[in-house]
Amino acid sequence: MPTSTAGPSTDARARARHSHPAGFTLIEISLVLLIIAIMVALAVPRLRSASGAELKREARQLSNTFRFLRSEAILNGQIYQLRYDLSRERYWVTIGDPTGEAGLGTAGDLEDLGPLARSVTLTSPIGISDIVLPESVGKQQEGQFVTNFYPDGTVDTTVIHLDDGSEAYTLWVNPLTGRLNLNPGYSDVDYGS
């Protein structure tokens, strides 16, 4: 009897290949969906915190501007002013006259002082929710206001609230020491008036 050394026929191989069901099992699909859900759960909070990080950056930039202007006023022996336009969500630096009333020069005139003296416009959704000047106008949510930095190191009593609609920062100045405080959250500062 003749024996064949040939392997199984191609029909047998094709049937063996198709004898396993094609497609994915319910367990495999569930596992893929679970992995996708975990990745989305990790990514969404990071997307939300992008504006929170931007708010923190803007709050730090404003606090650095405060420190810078106080130092410049002491070093140069002149009054510097930080002006705010709450309607346009911006602030800029001017040199004050001896009476502290009108600002002299513009942000363009002061660019040689460095980047902290440049005009800053906050980008939405970040904005100044209100500013508190207890010695003059109280709490205001619109209009133009000024904080004076004097050559003796004192600074007008000022509280600024920055927010992005979900988070906030409170920046406030101790009028006696000129020390600046930057706290997360919206808080009212009691100056004991």
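A salt bridge is taken here as a side-chain nitrogen of Lys or Arg within 4 Å of a carboxyl oxygen of Asp or Glu. In this predicted model, the side chains of Asp188 and Lys139 satisfy that rule, with N to O at 3.5 Å. The pair joins distant parts of the chain, its members being 49 residues apart: Lys139 belongs to strand S6 (residues 138-140), while Asp188 sits in the segment after strand S10 (180-184). Asp188 is exposed, at a relative accessible area of 61%, whereas Lys139 is partly exposed at 42%.

By the rule, the model holds four salt bridges. Helix H2 (residues 26-76) offers a local case, for Glu54 and Arg57 both lie within this helix, three residues apart, or about one turn. Their side chains meet in a salt bridge at 2.7 Å, N to O. Both partners are partly exposed, Glu54 with a relative accessible area of 26% and Arg57 with 42%. The contact does not stand alone, as a network of salt bridges links Glu54, Arg57 and Glu58.

A further bridge joins Arg88 to Asp85, where the closest N and O atoms are 4.0 Å apart. Here the two ends fall into opposite classes of accessibility. Arg88 has a relative accessibility of 58% and counts as exposed because this value is over 50%. Asp85, at 4%, counts as buried because its value is under 20%.

How values were computed: Residues numbered from 1 in each chain as written. Predicted model: local features only at pLDDT ≥ 70, side-chain atom pairs only at ≥ 80, totals over all residues. Heavy atoms only, no water. Helix = DSSP H or I, 4+ residues; strand = E, 2+ residues; numbered from the N terminus. Buried < 20%, exposed > 50% of the residue type's maximum accessible area, 1.4 Å probe, protein only.
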